[in-house]
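Biologist: I've got a model open on my screen and I'm not sure how to read it. Could you walk me through it?

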Amino acid sequence: MIMKGKKGIILGIANKKSIAYGIAKACKEQGAEVAITFLNERFEKKLAPIAEELECGVSFYPCDVSKPEEIKALKSSIENDMGQIDFIVHSIAFAPKEGLSGRFYDISKEAFDIAMDISVYSLIEIVRELKPVLSNRASVLTLSYYGGVKYIPNYNLMGVAKAALEMTTKYLAEDLGRDGIRVNAISAGPIKTLAAAGIGEFGFMLKWNAAHAPLKKNVSINDVGNSGMYLLSDLSGGVTGEVHYVDGGFNIMGMPAVDFNEDGKQVIAWNGEAK
Ligand code: NAP
């Protein structure tokens with residue numbers, strides 16, 4: 001039981017398809033005690049069965065990260081109900097729809113500010129507010145995507161937010177290292193979730209990734225969950241400030257791979273065309 005004796009809070013479960021749910025399950029299976037949050041009353045009802053399944057008990061809290069008072073209240077609830085915690089999972093992102101398709105240069109300042117606030121600044125604010133209840137070997141994990149490093153069609157505004165999130169991870173890691181707190185990110189391959197549904201032509205991203213990744217498949221929330229659990233556990237005690245790819249290896253590819261057909265001729269792996 002890798003996580004036995006560890007307690008943590010997981011933000012960003014919308015349903016059983018959420019990456020955060022995969023991480024929560026992996027932590028729970030390895031003996032952790034987990035608390036989860038919900039956005040508003042509507043989601044409280046939807047998430048109640050998941051909170052029950054994860055045996056959260058009273059540790060099932062409201063938290064809309066755009067409301068600083070809810071983050072402050074979260075700290076008080078954790079302090080009352082759980083005492084100190086050992087990990088935080090920040091699996092939250094949002095961009096107005098206009099930022100996830102169309103011409104990049106059309107993005108409004110309002111959409112930009114919202115995306116940066118919810119998808120990036122919230123990590124800093126959560127860590128700062130919850131720091132008093134973090135143990136001195138705590139681990140913080142956030143979720144990124146390759147579109148923060150390279151151009152991905154339609155990822156547009158979220159690409160800029162993920163670039164900022166990855167650097168935020170590194171600056172936080174340095175700052176909190178002196179307190180024994182580690183901060184890492186997982187850059188996950190595309191997974192069909194509620195948030196992903198908002199990205200233009202997401203189905204094509206899934207096909208492209210599976211066709212070009214060395215492992216020739218897309219990753220699941222269980223894959224990300226297990227890697228996330230490792231980064232939250234003492235097994236990764238020497239790791240901080242990292243962006244760890246869980247994407248079937250997609251990020252290492254510089255060009256589509258070549259394969260060999262029955263005649264021994266080289267073909268481009270993804271469409272079978274002769275070279
Ligand atoms: P998801 O299930 O839709 O989770 C996104 C979560 O963000 C939801 O729980 C959503 O809450 C929450 N959220 C949005 N605005 C919020 C706010 N103001 N306050 C609190 N919570 C808020 O989608 P997901 O794919 O698992 O996304 C989780 C993370 O993984 C995101 O950072 C995403 O960018 C990242 N990621 C996803 C993929 C992918 O392909 N799916 C790949 C790489 C990285 P509500 O649903 O209740 O609004």
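Biologist: How many residues surround the ligand, and which are the closest?

Modeller: Keep in mind that this is a predicted model. To find the neighbours, look for residues with a heavy atom within 4 Å of the molecule. Here 28 residues surround the ligand, and the closest are Ser 18, Ile 19, Lys 162, Ile 191 and Thr 193.

Biologist: What classes of residue make up the shell around the ligand?

Modeller: Sort the shell by class and you get 20 nonpolar residues, six polar and two charged.

Biologist: Which atom of Ser 18 lies 2.6 Å from an oxygen atom of the ligand?

Modeller: For polar contacts, you look for N or O atoms within 3.5 Å of each other. With Ser 18, a polar side-chain atom lies 2.6 Å from a ligand oxygen. Ile 191 uses a polar backbone atom, 2.8 Å from an oxygen atom of the ligand. Val 65 also brings a polar backbone atom, 2.9 Å from a nitrogen atom of the ligand. As for cover, the ligand has 880 Å² of accessible area on its own, and the protein covers 91% of that.

Biologist: Which pocket does the ligand take up?

Modeller: The ligand's space is the largest pocket.

Biologist: And how many cavities of 30 Å³ or more are there?

Modeller: A cavity is closed: a probe fits inside but cannot get out. The count here is one, and the largest cavity holds about 40 Å³ of space. Its lining includes Tyr 145, Tyr 146, Asn 209 and Asp 247. By class, that lining splits into six nonpolar residues, three polar and one charged.

Note on methods: Residues are numbered from 1 along each chain as its sequence is written. This is a predicted model: local features need pLDDT of at least 70, side-chain atom pairs count only at pLDDT 80 or more; totals for chains, interfaces and linings use all residues. Side-chain values use heavy atoms; hydrogens and water are left out. A polar contact is a pair of N or O atoms within 3.5 Å; within protein, one must be able to donate a hydrogen and the other to accept it, and residues adjacent in sequence count only if both atoms are side-chain atoms. Accessible areas come from the Shrake-Rupley method with a 1.4 Å probe; for residues, only the protein chains shown count as cover. On a 1 Å grid over the protein atoms alone, a cavity is a set of points where a 1.4 Å probe fits but cannot get out, and a pocket is an open set with protein on both sides within 12 Å along at least five of seven lines; lining residues have an atom within 4 Å of a point. A molecule sits in a cavity or pocket if more than half of its atoms lie within 2 Å of its grid points. Ala, Val, Leu, Ile, Met, Phe, Trp, Tyr, Cys and Pro count as nonpolar, Asp, Glu, Lys and Arg as charged, and the others, Gly among them, as polar. Grid points are joined across faces, edges and corners, and a volume is the space filled by probe spheres set on the points.
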